[in-house]
Amino acid sequence: MTQNQSLFFQKFGLTPNDLQSYLGEALSAGGDYADLYFEYLTSTSISVDESMVKSASQGISAGCGVRVLAGERTGFAYTDDLSPNKIMRAARTAALIARGPAKDPVQNLKQAKAHQLYQVATPAADADIAAKVDLVMRADKAARAYDPRIVQVRAGFNDELRQILVIGSDGTYATDVQPLARLSLNCIAKSGQNSARGAAGGGGRVALDFFHTDKTPEYFAQDAARQAIIQLDARDAPAGEMEVVLGPGWPGILLHEAIGHGLEADFNRKGTSAFSGLIGKRVASEKCTVVDNGTLPSRRGSINVDDEGSPTQNTVLIEKGILKGYLSDKLSAKLMGMPDTGNGRRESYEHIPMPRMTNTYMLAGEDAPEDIIRSVNRGVYAVNFGGGQVDITSGKFVFSASEAYMIENGKITAPLKNCTLIGNGPDALTRVSMVGSDLQLDEGVGTCGKDGQSVPVGVGIPTIKLDKMTVGGTAS
Amino acid sequence: MSARSEALLESPTDLREIAVDVIDRARRAGATMAEAVVRDGTEFSTVVRRGEVETLKEAGSRALGLRVFLGHQAASTYSSDFTPEGIEMLVSGAMELAKITSPDPTSGLPDKSELGQISGDLQLYYDDVYSLAAEERIEYARRAEKAALDSDPRLTNSDGGSFDAGTGRKVLANSLGFVGEYRRSLCSVYAAPIARAEDGAMQRDYWYSSARTLSKLDSPENVGREAARRTLRRVGARKIASTRVPVVLEPTVAASIIDNIFDAATGDAVYRQATFLVDQLGQKVAGENITLIDDGTMVGGFGSSPFDGEGVPTRRTVVIEKGVLKSYLLNTYTARKLGLKTTGNAARGLAGTPATGSGNFFLEPGTRTQQQIIAGVKQGLYVTEFLGFGVNLVTGDFSRGASGLWIENGELTYPVEEITIAGNLKDMLNNIAEIGSDLVFRSSMACPTLRIDGMTIAGA
């Protein structure tokens, strides 16, 4: 018995027979499919401000969501009380979406072979709280030590341990114990009348050791402080279309916004995406191959099974510029007659699963990053970003550069004030003329929002050059 | 179905009793002060797409949060486990956690004299949000979508119509003797049609109405038709060349600027020097035409409540008066930090230290209609949507994606998209050339139509 089977079976007294009867109740009015998602989530948050541990909190959230599918219809109910009568009631409520004779779920729930992506002996959630405080204090100290112009630092550590059990009327039986940890900080720098901010952070599905051996608090602190100091001297960004070079790593948010959302199967099933009907068509230059890969060990966006109990996989979205596939969950896969790519995700037991990204990135090309910069006469080199957003239907997307520089005559020159880049999803990547050999994944801070649901994701990209993109500055 | 929604919260427990009990337990465990929040709620939502039900969701939930102080050390815990063992874990967990935090002399509950709640019925709760029968709720969603799609043959697809309802009850109690409780309800109807242009390009927009009572909800037909109008006007949108012209922000878009100003005026941002409004109290920060008010006491308001997240009565605070910064928006901690008094703007979730939240935050309306404002612009952009998060409150730098309609000789002409609008909030506050008379509260942040001069549009 795995750790979390014992949790749900022992702590909450579930039995295999109960599970079968909940599924039976969920299909009591017909329906094509029913599933139950049990979740037990513990989370810890520590925050340091003005070099004091000002806030520490811990919480437990547990519950069960019951979903019934009937054609394109979804009935859903949840309960935060895991007693059998409450789960039964939620199942009965969800069942009402269907109108027909009762159906029998598959009798033998079978556990599929799953990935082992989290190499975590002791999850951060179970680590000594003092050790977590120490990490945050170290980050605070290192940021302040970076430069006397750093006047404010706010640093935090967040971890969670999500234990899930998913059962489906098709025989699905999946469990997972998903650790997640993140260290992050924000700095304010001041010099005379000028103020600026910098932010950095990272983590993943890792143990606390990660922050001692792989990426230390000092590493993140110096990066946040460095950005704030650089921004003190930033000048107005230019306005208009020009060449844009994206640095490696987090700028992969371009892929997330420009194409990732538009390739989620639900939008394409409904014909509401700017990418609808474009499979097999060119949507990027032939230098671009883009994947969504939920199976990278330890990454923030990775999961052994998705929230419908399906194993995650590496899905090719764009191959040498040609659109190859969508990201799907069970519902869209069935209705579209395409494979389930294991991208059915949900924020919690209170939410209905839908197709979501995991780790979305572009494969490395052959250009040397220096050559890419050198090839630009006048343009923008953007290396760090805040958030982004996309209008799925029109395809227009934005992402906001928090660290960017001018490129003039092949050389990186002045730092630029924050500016938004805007483009059109189906053709933005057709302007990619150079792809670097330096693929990097982001540090592990990304959270994606869709229909009010947040899930952790990752992005990645090598240095790339777009021949034309609109830069939203104020200078001419 | 209405009976069932309520029934999902079986045997309405006395939340006050639970809150007071948790505080007693925390005191007995050694907490010098404690504060508990207990809430429960129900939610219903249905989405209809192309006439067919797509989702039906129904649930009830409850949760409990505790904040304890050990002298000047503080920590918090939360849980949905209301069993005696669950509550014991909540208390012992918080006490353990508090020991690792730093003594912060500024921390603590509000002064006892500041606690209280405003009297009178704020009219925040109506049980009629669940009064529609199951089929009627679905029909509301269906009618909204149908009204949208029937408006024009170019509306060939849809992201659906929806109807949502929800109620929530919140109890806050602390060891200084405060116990307060309120209930709120909300219902909404929504439609999001999709139009296809001759060249195949698609456009989507939406509209909604929400209200605390079903009787004040706009009709599904009105919502659907407005959604259709908003979507159709985007058809054929094009990019324009970079330029610098006046921009006219429609109220929903203008409200997002007001939201930025709210964040910049919070005590948290001020004491961390994370806002361009730091050290500006009593200074002129905006044009004389600008008066910004936060009012948590408006009857029926989306941002109204009888007390804030710390048990301090809500109130009306003039933040900017005729261009002069009069007050920051404060909770107990940030007020003490800045040597000021709380403005009753504490926002408390289940866990963590209280943040700052708005009451009903709005810009005082002017006298001209939106049409008059547009008529006064020779060449400019009427902005109907912002995209993205490009606002830096430390510097005030503002750069967001936008779409809208080009204004030529005082009239709206062709739709525009894939452009950005950039400037700096400091300048924007001083360059609001016109303020409309059309102040309508559609959420807790409201702003009339604004004309802002001097911003840069980046396009082709």
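1. Two strands are taken to pair if DSSP finds at least two bridges between them. In this predicted model, that criterion applies across the chains: strand S2 (residues 52-70) of chain A and S3(B) pair in the parallel sense over four bridges. Within this pairing, Ser79(B) of S3(B) is the bridge partner of Ile60(A).

2. The contact between the chains draws on 64 residues from chain A and 59 residues from chain B. On the chain B side, the elements that each supply at least two residues include strand S2 (52-70), strand S3 (73-79), helix H3 (84-98) and strand S4 (155-174). Strands S16 (397-408) and S17 (411-424) of chain B are also among them. S2(B) provides the largest share of that side, ten residues. By class, the side of chain B that touches chain A comprises 25 polar, 19 nonpolar and 15 charged residues.

3. Chain A is assigned two domains, domain 1 (3-231) and domain 2 (239-472). Their centres, taken over C-alpha atoms, are separated by 23 Å.

4. Contact between these domains of chain A involves 39 residues of domain 1 and 27 residues of domain 2. Among the elements of domain 1 that each supply at least two residues to this side are strand S1 (33-49), S2, strand S5 (150-168) and helix H6 (217-231) of chain A. S6(A) gives the most, with seven residues. The side of domain 1 of chain A that touches domain 2 of chain A divides into 17 polar, 14 nonpolar and eight charged residues.

5. One element recurs in these points: S2 of chain A contributes to the domain 1 side of the contact with domain 2, and S2 of chain A also pairs with S3(B).

Key:
Residues numbered from 1 in each chain as written. Chains lettered and ligands numbered in written order. Predicted model: local features only at pLDDT ≥ 70, side-chain atom pairs only at ≥ 80, totals over all residues. Contact = placed C-beta atoms within 7 Å. Nonpolar A, V, L, I, M, F, W, Y, C, P; charged D, E, K, R; others polar. Domains from an automatic or database assignment.
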